[in-house]
Amino acid sequence: MVITSDPKNDVYKSLIDLAFDVCDEFILVVHKESGLICNDSGMLILQRLADSLKEMAEQSKWAGTELYKDTAYVYHYSTDNQAREIINEVSSLLYGWVHPDFPEDLCFYKNGKPWLINTAHERQSHILTEDKAEIDRILNIKGLEIRL
């Protein structure tokens with residue numbers, strides 16, 4: 001399912017809540033390249049999420065992205081209630097997760113596989129699921145514009 005417009009406000013919150021209900025992990029990315037490092041507000045988000053951090057890894061590939069000559073810092077988080085609160089509080093739009101004010105590419109994983117893939121700076125995101133119950137819940141998010 002391709003998300004065809006930026007989920008904002010209540011639509012964003014409903015989508016994020018669903019992702020937290022369904023998935024067991026989410027990631028945020030900080031690029032090492034000059035100019036792509038988070039500013040103070042972006043780093044504050046990472047600090048606030050510290051209790052939910054599972055690991056930080058230097059990677060060249062993650063859901064929706066593959067770097068050919070460089071790596072980035074990929075922060076892997078548990079989808080716990082504290083993280084849910086923070087993710088819902090600090091942004092009200094999915095495509096707002098771009099540097100320098102935010103870490104990038106808020107993506108969710110279910111059992112180690114990408115579920116919500118978000119490349120915010122390109123304004124592209126999609127959901128990978130074949131679970132009928134999940135599909136029904138996605139389709140029932142009022143205002144979420146998707147293409148099957």
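Phe20, Phe26, Tyr75, Tyr77 and Phe108 form one aromatic cluster, where rings of Phe, Tyr and Trp (its six-membered ring) are taken to pair if their centres lie within 6.5 Å, with planes under 30 degrees apart counted as stacked, over 60 as edge-to-face and the rest as tilted. The model is predicted, and local features need pLDDT of at least 70, side-chain atom pairs count only at pLDDT 80 or more, while totals for chains, interfaces and linings use all residues. Residues are numbered from 1 along each chain as its sequence is written, and side-chain values use heavy atoms, with hydrogens and water left out.

**Exercise 1. Describe the aromatic pairs made by Phe26, and state where the partners lie.**

Solution. Begin with the total, which is six aromatic pairs in the structure. One of these joins Phe20 to Phe26 in a tilted arrangement, with 5.4 Å centre to centre and 55° between the planes. Phe20 is buried at 3% relative accessibility, the term buried meaning under 20% relative accessible area, with exposed over 50% and partly exposed in between (1.4 Å probe, protein chains only). Phe26 is buried as well, at 0% relative accessibility.

Next, take the pair of Phe26 and Phe108, which is also tilted, at 5.6 Å centre to centre and with 35° between the planes. Because Phe26 belongs to strand S2 (residues 25-31) and Phe108 to strand S7 (residues 104-110), this pair ties together parts that are 82 residues apart in sequence. Helices (H or I, at least four residues) and strands (E, at least two) are here DSSP runs, numbered from the N terminus.

**Exercise 2. Place strand S2 in its sheet, and decide how far it is enclosed.**

Solution. First write down the sheet, an open one of eight strands in the order S3-S6-S2-S7-S8-S9-S1-S10, with antiparallel pairing; two strands pair if DSSP finds at least two bridges between them. Strand S3 (53-59) and strand S10 (146-147) each have a single partner strand and stand at the edges, so one side of each is left without a neighbour in the sheet.

Then look at the two partners of S2. Strand S6 (residues 72-78) is joined to S2 by seven bridges in the antiparallel sense, and in this pairing Phe26 stands opposite Tyr77. S7 runs antiparallel to S2 too and is joined to it by four bridges, with Ile27 opposite Cys107.

Finally, examine the faces. In a regular strand the side chains alternate between the two faces of the sheet. For S2, Glu25, Ile27, Val29 and His31 on one side and Phe26, Leu28 and Val30 on the other are all buried, which leaves both faces covered. Seven of the seven residues of S2 are buried, so the strand is largely enclosed by the rest of the structure.

**Exercise 3. Explain why Cys23 and Cys107 are not joined by a disulfide.**

Solution. A disulfide is counted for a pair of cysteine sulfur atoms within 2.5 Å, and a search of the whole structure finds zero of them. The cysteine sulfur closest to that of Cys23 belongs to Cys107 and lies 10 Å away, which is too far for a bond. Both residues are buried, Cys23 with a relative accessible area of 5% and Cys107 at 0% relative accessibility.

**Exercise 4. Trace the surroundings of Leu15 through the chain.**

Solution. Leu15 is found in helix H1 (residues 9-22) and is buried, with a relative accessible area of 0%. Leaving aside its neighbours within four places in sequence, Leu15 is in contact (heavy atoms within 4.5 Å) with Ile3, Pro7, Leu94, Leu116, Ile127, Ile141 and Leu144. Of these, Ile3 falls within strand S1 (residues 2-3) and Ile127 within strand S9 (residues 124-127), two strands that pair in the antiparallel sense over two bridges, with Val2 opposite His126. The C-alpha atoms of Leu15 and Arg137 are separated by 9.4 Å, although these residues are 122 apart along the chain.

**Exercise 5. Judge the overall build of the chain.**

Solution. Count the elements: four helices and 10 strands, running β-α-β-α-β-β-β-β-α-β-β-β-α-β from the N terminus on. The radius of gyration, taken over C-alpha atoms, is 14 Å, close to the 15 Å that the globule rule gives for 148 residues, so the chain is as compact as a globular protein of that length; the rule is 2.2 Å times the number of residues to the power 0.38. Of the 148 residues, 48% count as buried, and residues 24 or more positions apart account for 69% of the contacts with a separation of 6 or more.
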